[in-house]
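Biologist: I have the model open and would like to go through a few places in it with you. Could you take my questions one at a time?

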Amino acid sequence: MPTFTLKVFRGGPTGGTFRDYRVDAEEGMVVLDLVHRIQATQAPDLACRWNCKAGKCGSCSAEIDGKPRLMCMTRMDLFQPGQTISVAPIRTFPIIRDLVTDVSYNYVKARQIPPLRLKPPDADGRYRMMQEDIDRAQEFHKCIECFLCQDVCHVIRDHEEHKPAFYRGAACAAFPSRYEGFGLPVLEALACGTPVVASDLPALREVGGQAATYCPVGDVAHWINSVAELLRERENDGEAWRVRRAAGTAQARRFNWPEHAHRMTDVYRELLAEIAARDETARPLVFTDAKRRGA
Ligand code: SF4
Ligand code: FES
């Protein structure tokens with residue numbers, strides 16, 4: 001009977017640590033079985049969530065040896081006998097305790113999705129749905145809400161410490177957004193010297209300036225050409241590539257707190273001048289404590 005060391009995260013919202021548990025595995029066991037065995041024999045207070053033990057309910061998501069997995073579907077024969085295996089809660093969501101995270105935000109969002117509104121029935125009084133519409137929705141019905149996809153999403157997940165390497169490892173960064181309020185990822189990529197292809201949106205142009213390449217939203221052919229052109233340049237023209245990367249980091253350096261403070265000050269000055277020009281009798285705006293408190 002092989003024995004494994006499971007390094008299991010123990011802790012709560014304010015922090016925690018990994019604790020080692022030596023545990024025997026029998027043939028056919030999965031990681032969830034070993035966690036249950038630990039609960040039964042060594043740590044009855046270890047919190048973990050599961051329901052079906054069949055890969056159907058999605059509640060046993062965890063990071064096993066750093067990879068997002070369902071505990072009930074991760075067979076122990078994937079590992080070498082004697083191996084140390086880490087078991088941690090999924091990192092995207094706040095920890096409640098040990099391996100249990102608070103995924104309730106997903107249900108809040110689900111409630112915001114408008115319910116299906118049926119069109120009026122056909123002349124014969126029957127409702128009909130096109131097969132292609134059924135096929136389109138069918139795939140989404142297969143989701144078991146394990147939220148592991150969100151666990152690996154680099155936007156949601158806290159990858160602060162890996163971010164520079166993550167960007168620098170990319171040949172280029174593509175941001176095919178439809179809407180953007182600012183475009184922080186564009187700035188991050190440029191700061192790391194990674195050329196950017198972004199949607200042609202005012203917010204992204206403001207951030208990327210001349211240093212990024214822009215494509216019309218949804219114009220797939222344009223996107224393919226732009227990315228291919230960048231990759232060709234990287235392959236064939238080292239000097240142009242170096243200049244492009246340097247332009248990116250220079251553009252990113254323009255976004256700093258002193259510069260931000262200057263810009264905000266200018267905006268307020270312009271606004272005050274505009275107000276004063278409209279109404280010469282207007283008194284200068286003075287924020288007293290009472291006004292700040294909203295009194
Ligand atoms: S779509 Fe995401 S939440 Fe749904 S089953 Fe796949 S990984 Fe899990
Ligand atoms: S316990 Fe249901 S998917 Fe793992």
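**Around α6 and beyond**

Modeller: Let me begin at the end of a helix: α6 is followed by Gly 193, and the phi of this glycine is positive, near 80°. Please keep in mind throughout that this is a predicted model.

Biologist: Which residues of α6 are buried?

Modeller: In α6 the buried residues are Pro 185, Val 186, Leu 187, Ala 189 and Leu 190.

Biologist: And what do those buried residues pack against?

Modeller: The buried residues of α6 pack against three helices and two strands, namely α5 (163-168), α7 (202-208) and α9 on the one hand, and β8 (173-175) and β9 (196-199) on the other.

Biologist: Let's stay with α9 for a moment. At what angle do α6 and α9 pack?

Modeller: Helix α6, which covers residues 184-191, packs with helix α9, residues 238-253, at an angle of about 125°, and their axes are 7 Å apart. That angle makes α6 oblique to α9.

Biologist: Is the crossing of α6 and α9 left-handed or right-handed?

Modeller: The crossing of α6 and α9 is left-handed.

Biologist: Which residues meet there?

Modeller: From α6 come Leu 187, Leu 190 and Ala 191, and they meet Gly 248, Thr 249, Gln 251 and Ala 252 of α9. By class, the residues of this contact between α6 and α9 divide into four nonpolar and three polar, with no charged ones. Leu 187 and Leu 190 are also among the buried residues of α6.

Biologist: Changing topic, which residues are around ligand 1?

Modeller: Around ligand 1 there are Gly 58 and a run made up of Cys 143, Ile 144, Glu 145, Cys 146, Phe 147, Leu 148 and Cys 149. The shell around ligand 1 has six nonpolar residues, one polar and one charged.

Biologist: Phe 147 caught my eye; what is its phi, and where does Phe 147 lie?

Modeller: Phe 147 has a positive phi of about 65°, although it is not a glycine, and Phe 147 lies in the loop between α3 (131-141) and α4 (148-151).

Biologist: Is Phe 147 buried or exposed?

Modeller: Phe 147 counts as buried, because it has 21 C-beta neighbours inside 10 Å.

Biologist: What about Lys 53, then, where is its place and what is its phi?

Modeller: Lys 53 has its place in the loop between α1 (31-41) and β3 (61-64), and Lys 53 likewise has a positive phi, of about 55°, although it is not a glycine. Lys 53 has 16 C-beta neighbours inside 10 Å, so Lys 53 counts as partly exposed.

Biologist: Now to Tyr 21. Which strand is Tyr 21 in, and what does Tyr 21 touch?

Modeller: Tyr 21 lies in strand β2, residues 15-24, and, not counting residues up to four places away in sequence, Tyr 21 touches Leu 6, Val 8, Ile 38, Gln 42 and Ala 43. With 20 C-beta neighbours inside 10 Å, Tyr 21 counts as buried. The C-alpha atoms of Tyr 21 and Lys 7 are separated by 6.4 Å, with the two residues 14 residues apart along the chain.

Biologist: One last residue: where is Gln 80, and how many angstroms separate Gln 80 and Asp 124?

Modeller: Gln 80 lies in the loop between β4 (67-70) and β5 (84-88), and Gln 80 counts as exposed because it has 10 C-beta neighbours inside 10 Å. Gln 80 and Asp 124 are 44 residues apart in sequence, and C-alpha to C-alpha they are 64 Å apart in space.

Note on methods: Residues numbered from 1 in each chain as written. Chains lettered and ligands numbered in written order. Predicted model: local features only at pLDDT ≥ 70, side-chain atom pairs only at ≥ 80, totals over all residues. Axes fitted to C-alpha atoms, helices over the stretch in contact; angles between N-to-C directions. Helix = DSSP H or I, 4+ residues; strand = E, 2+ residues; numbered from the N terminus. Parallel < 35°, antiparallel > 145°, perpendicular 65-115°, else oblique. Left-handed = near helix turned anticlockwise from the far one by under 90°. Contact = placed C-beta atoms within 7 Å. Nonpolar A, V, L, I, M, F, W, Y, C, P; charged D, E, K, R; others polar. Buried ≥ 20, exposed ≤ 12 C-beta atoms within 10 Å, placed from the backbone. Near = placed C-beta within 6 Å.
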